[in-house]
Amino acid sequence: MKLTARIIIATMALFSVSCCPCNKISRSSHSLASRTWSLVQFAGTPVKTDGASYTIIFHEDGTLRGKGDCNSLMGKYSLFQKRNALTVSITTATKMACRDQQRENEFIRVLNTIDTYGIDSKMLMLMSGGNVVAVFEAIGEKQNRGPRIERDAACLPKQ
């Protein structure tokens, strides 16, 4: 129940902040990168993991690494400056047979459909078509503190 309330509050905060097209997130300091994110909810269902499986790390150079049920994942991601747009492309995965291969395959498929994201403190919500499809919790601390918001000159108050 507590996790669901945090997800709802984070989603509302995301939509209220993302409405302003003047906000831009600097790739070098956005809070998506440099953390290990561990899956806590997938397709609306709470997930319990060992902390090593179903994880993802977004690196500041646009690459990502992660782990499904038992396979390592690698790929790329792109951030777009309006409305927290994010695309993910899992390009490589090891091919070990996992105990829950069907869920891992679905996890990879869903990651490749992501179009937006939201972050509220230590919670990362990945969305596709306006629906939250995966929620992760940060299990690693980030080096720099939060996103740097830049304002377009057109959005600044006129003097």
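1. Strands E2 and E4 pair in the antiparallel sense, and three bridges join them; the model in which they are seen is a predicted one. Within this pairing, Ser 38 stands opposite Thr 55 of E4. E4 also pairs with E5, again in the antiparallel sense, over four bridges, and here the bridge partner of Thr 55 is Lys 67 of E5. Thr 55 is therefore a convenient place from which to read this part of the sheet, because it has Ser 38 opposite it in one pairing and Lys 67 as bridge partner in the other, where DSSP must find at least two bridges for strands to count as paired.2. The hairpin of E4 and E5 has four residues between its strands, and in it Gly 62 takes a positive phi near 90°. A second hairpin is built from strand E8, residues 116–120, and strand E9, residues 123–128, which run antiparallel and are joined by five bridges. Met 123 of E9 is the bridge partner of Asp 120, and of the two residues between these strands, Ser 121 takes a positive phi near 60°.

3. Two further positive phi values deserve a look, given that most residues other than glycine have a negative phi. Ser 34, in the loop between E1 and E2, has a phi near 70°, and with a relative accessible area of 31% this residue is partly exposed. Asn 84, in the loop between E6 and E7, has a positive phi of about 55° although it is not a glycine; its relative accessibility of 17% places Asn 84 among the buried residues, because the cut-off for that class is 20%.

4. What does the side chain of Arg 35 reach? Its partner is the backbone oxygen of Ser 121, at 3.2 Å, and Ser 121 is the residue with a positive phi in the hairpin of E8 and E9. Arg 35 itself is placed in the loop between strand E1 (23–25) and strand E2 (36–42), and it counts as buried with a relative accessible area of 13%.

5. A search of the whole structure finds one disulfide, formed by Cys 70 and Cys 98 with their sulfur atoms 2.0 Å apart. Cys 70 lies in the loop between strand E5 (63–67) and E6, whereas Cys 98 lies in the loop between strand E7 (85–93) and helix H2 (101–111), so the disulfide ties together parts that are 28 residues apart in sequence. The torsion about the S-S bond is about -85°, which means that the disulfide is left-handed. Both Cys 70 and Cys 98 are buried.

6. Helix H2, which follows the loop that holds Cys 98, has as its buried residues Glu 104, Phe 107, Ile 108, Val 110 and Leu 111. Seen down the axis of H2, these buried residues fall within an arc of 165°, so they line one face of the helix. The spacing can be read against the geometry of an α-helix, which has 3.6 residues a turn, so that residues three or four places apart point the same way.

7. The structure holds four aromatic pairs. One of them joins Phe 58 and Tyr 77 in an edge-to-face arrangement, with 5.0 Å from centre to centre and 85° between the planes. This pair links distant parts of the chain, since Phe 58 belongs to strand E4 (residues 55–58) and Tyr 77 to strand E6 (residues 72–80), 19 residues apart. Are these two rings buried or exposed? Phe 58 is buried at 0% relative accessibility, and Tyr 77 is buried as well, at 3%.

8. Ring pairs also link Phe 42, Tyr 54, Phe 107 and Phe 136 into a cluster. Phe 107 is one of the buried residues of H2, and Phe 42 falls in strand E2, which spans 36–42.

9. As for the chain overall, two helices and eleven strands are assigned, and of its 159 residues 40% count as buried. Among contacts between residues at least 6 apart in sequence, 57% join residues at least 24 apart. The disulfide of Cys 70 and Cys 98 spans 28 residues of sequence, whereas the aromatic pair of Phe 58 and Tyr 77 spans 19.

Note on methods
Residues numbered from 1 in each chain as written. Predicted model: local features only at pLDDT ≥ 70, side-chain atom pairs only at ≥ 80, totals over all residues. Heavy atoms only, no water. Phe/Tyr/Trp six-rings, centres within 6.5 Å; stacked < 30°, edge-to-face > 60°. Buried < 20%, exposed > 50% of the residue type's maximum accessible area, 1.4 Å probe, protein only. Polar contact = N/O pair within 3.5 Å; in protein donor to acceptor, adjacent residues only side chain to side chain. Disulfide = S-S within 2.5 Å. Arc of directions from axis to C-beta. Contact = heavy atoms within 4.5 Å.
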